[in-house]
Number of protein chains: 2
Amino acid sequence: MKISVIKIGGNVIDHPEKLEKFLTEFAKLEGAKILVHGGGKIASGLSKQMGITPKMVDGRRITDAQTLDIVTMTYAGLLNKKLVAKLQSLGCNALGLSGADAGVIHADKRPVKTVDYGFVGDPRDDGVNTSFLATAIKTGVVPVMCAITHDGEGQLLNTNADTIASTVAKAMSSVSDVDLVYCFEKKGVLSDPSDDDSVIELVNPENYTAYKDKKVITDGMIPKLDNAFEALEKGVSRVVIRSSNDLLEPSGTEILA
Amino acid sequence: MKISVIKIGGNVIDHPEKLEKFLTEFAKLEGAKILVHGGGKIASGLSKQMGITPKMVDGRRITDAQTLDIVTMTYAGLLNKKLVAKLQSLGCNALGLSGADAGVIHADKRPVKTVDYGFVGDPRDDGVNTSFLATAIKTGVVPVMCAITHDGEGQLLNTNADTIASTVAKAMSSVSDVDLVYCFEKKGVLSDPSDDDSVIELVNPENYTAYKDKKVITDGMIPKLDNAFEALEKGVSRVVIRSSNDLLEPSGTEILA
């Protein structure tokens, strides 16, 4: 068995036409699969409507108790269930999951160092209930995972969706071949940010160092690629960064260990 | 295998101490079990905070698109995940489910007659994915079901939690013995509403007719009991109406066909 772990974020979630196309293609994707989704702008929109100003430090949302309630409502509730209902209508037997459900992802509340991020959780590498996921997948169920986890002591935690995807991919590689696909707004990792077609087809540790030295790969792409290399080291067979528009096409940037 | 289907409503959900006690006892309840929960006051509170006035006709909430989003957020998101995280901390392997998840409950949007209830769903008697639930239960998983369903065509629907409980109980009786327990604020069906200890221990079709004729059983209790008798006719082994405070005690009113 091979499992594809596909991650989508705000660039798909916040655009109904893109989301429709993506979900239609995801439903068609053959073989065992897991969808991991971020939150998009929905939580900020709801906060605003409720008169709550999101707290940010260094561009990261601080999750106080009220914000945790809002992200739990929007990610695990509204968004997750809309995705599940849509996939069900496309013949895909989706099962929405937070990390608390069936103890699927156990996380630790991030310790306070210089910044107190509040109710933010970092998943444990050994915190994935692989047997539940494997059993579900074997019966044709497609897990659809939001970025909410729990600490096992009754506390829900807000978690980065990229990290959920790589944690699940690494853990499932103990029971299956796993492909990890990060879908985003560009066609892949670009060598020239102003040219959407300048996709780097392959990143390996050698050219990665060179691209970083030459400042071709910078900023937000570095943690994504560091994550990808770590996933490969921990047993994931293949990591791809691709446009959410091209799920079924052989396309994007492949990362090789 | 025997499965206990336990339903709780606002009287437990809206009171943190009662909820804590109930969940602790539910976690201890032996054997296979399913929890079905209503929504309590949380959706109305959120609507108010967002400046939306809930629309009511004949005491029933009208579910327009905005209200559907709110109940999906609060029931399937916030409340369901809080219950699941708490149960996980009590050693109960809870799995939160809306009716869309794994196609667990297929419903039909209620047809418009004199009143348009909006996005309200009536579950199909043959709309329960009993094999998914049975497989999950066999592996020790405890389904925790909120009162949101779907129509199989991508539409989420707001559904009565009592109806979810009886629909699931009836469907699961095709694969197992099923007890259905409605937990509410009183100790059972009372013969004297002013005396909390006047519990009618047994209701059967004969005394039910007599109690109704004498106006001992009236109003909101009648649909609950009609539901109970229907569940017994459709294969449920035992129906009990009991205080949420006495889950583990032999107590309350037993309904016998």
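**Exercise 1. Work out how the lining of the second largest pocket divides by residue class, and where in the chain those residues come from.**

Let's go step by step, keeping in mind that this is a predicted model.

Step 1. Sort the lining by class: the second largest pocket has ten nonpolar, 15 polar and eight charged residues.

Step 2. Find the middle of the pocket. There are 33 lining residues, and B:Lys7, B:Thr159, B:Asn160, B:Ala161 and B:Asp162 lie nearest the centre.

Step 3. Match the lining to secondary structure. Two or more residues each come from helix 1 (10-13), strand 4 (60-61), helix 6 (161-172), strand 11 (177-184) and helix 8 (221-233) of chain B.

Step 4. Add the volume, which is about 1,100 Å³.

**Exercise 2. Describe the largest pocket in the same way.**

Step 1. Start with the space: the largest pocket holds about 1,400 Å³.

Step 2. Look for its centre. Among the 49 lining residues, A:Lys7, A:Asn160, A:Ala161, A:Asp162 and A:Lys224 are the closest to that point.

Step 3. Trace the elements of chain A that each give at least two residues to the lining: helix 1 (10-13), strand 4 (60-61), strand 7 (121-128), helix 6 (161-172) and helix 8 (221-233). Helix 6 of chain A gives the largest share, six residues.

Step 4. Finish with the classes. The lining of the largest pocket comprises 15 nonpolar, 19 polar and 15 charged residues.

**Exercise 3. Characterise the interface between chain B and chain A, from its extent to its polar links.**

Step 1. Count the residues in contact: 37 of chain B meet 37 of chain A.

Step 2. Turn to area. About 2,800 Å² is buried between the two chains, and carbon and sulfur atoms give 69% of this. On the chain B side, B:Met50, B:Met73 and B:Lys81 lose the most area to chain A, together accounting for 19% of what that side buries.

Step 3. List the polar links. Ten residue pairs are in polar contact between the chains, with both residues at pLDDT 80 or more. The salt bridges between chain B and chain A number four; one of these joins the side chains of B:Asp69 and A:Lys82, at 3.5 Å from N to O.

Step 4. Assign the chain B side to its elements. Helix 3 (42-49), helix 4 (65-89) and strand 5 (94-97) of chain B each supply at least two residues, with the largest share, 16 residues, coming from helix 4. By class, the side of chain B that touches chain A has 15 nonpolar, 16 polar and six charged residues.

**Exercise 4. Find which parts of chain A are linked by the salt bridge between A:Lys2 and A:Asp179.**

Step 1. Begin with the whole structure, where a search over all chains gives 36 salt bridges.

Step 2. Check the distance for this pair: the closest N and O atoms of A:Lys2 and A:Asp179 are 3.2 Å apart, within the 4 Å cut-off for a salt bridge.

Step 3. Place the partners. A:Lys2 sits in strand 1 (residues 2-8) and A:Asp179 in strand 11 (residues 177-184), so the bridge links distant parts of chain A, 177 residues apart.

Note on methods
Residues numbered from 1 in each chain as written. Chains lettered and ligands numbered in written order. Predicted model: local features only at pLDDT ≥ 70, side-chain atom pairs only at ≥ 80, totals over all residues. Heavy atoms only, no water. Contact = heavy atoms within 4.5 Å. Buried area = accessible area lost by both parts, 1.4 Å probe. Polar contact = N/O pair within 3.5 Å; in protein donor to acceptor, adjacent residues only side chain to side chain. Helix = DSSP H or I, 4+ residues; strand = E, 2+ residues; numbered from the N terminus. Nonpolar A, V, L, I, M, F, W, Y, C, P; charged D, E, K, R; others polar. 1 Å grid on protein atoms, 1.4 Å probe; cavity = no way out; pocket = protein on both sides within 12 Å on 5 of 7 lines; lining within 4 Å. Points joined across faces, edges and corners; volume = space filled by probe spheres on them.
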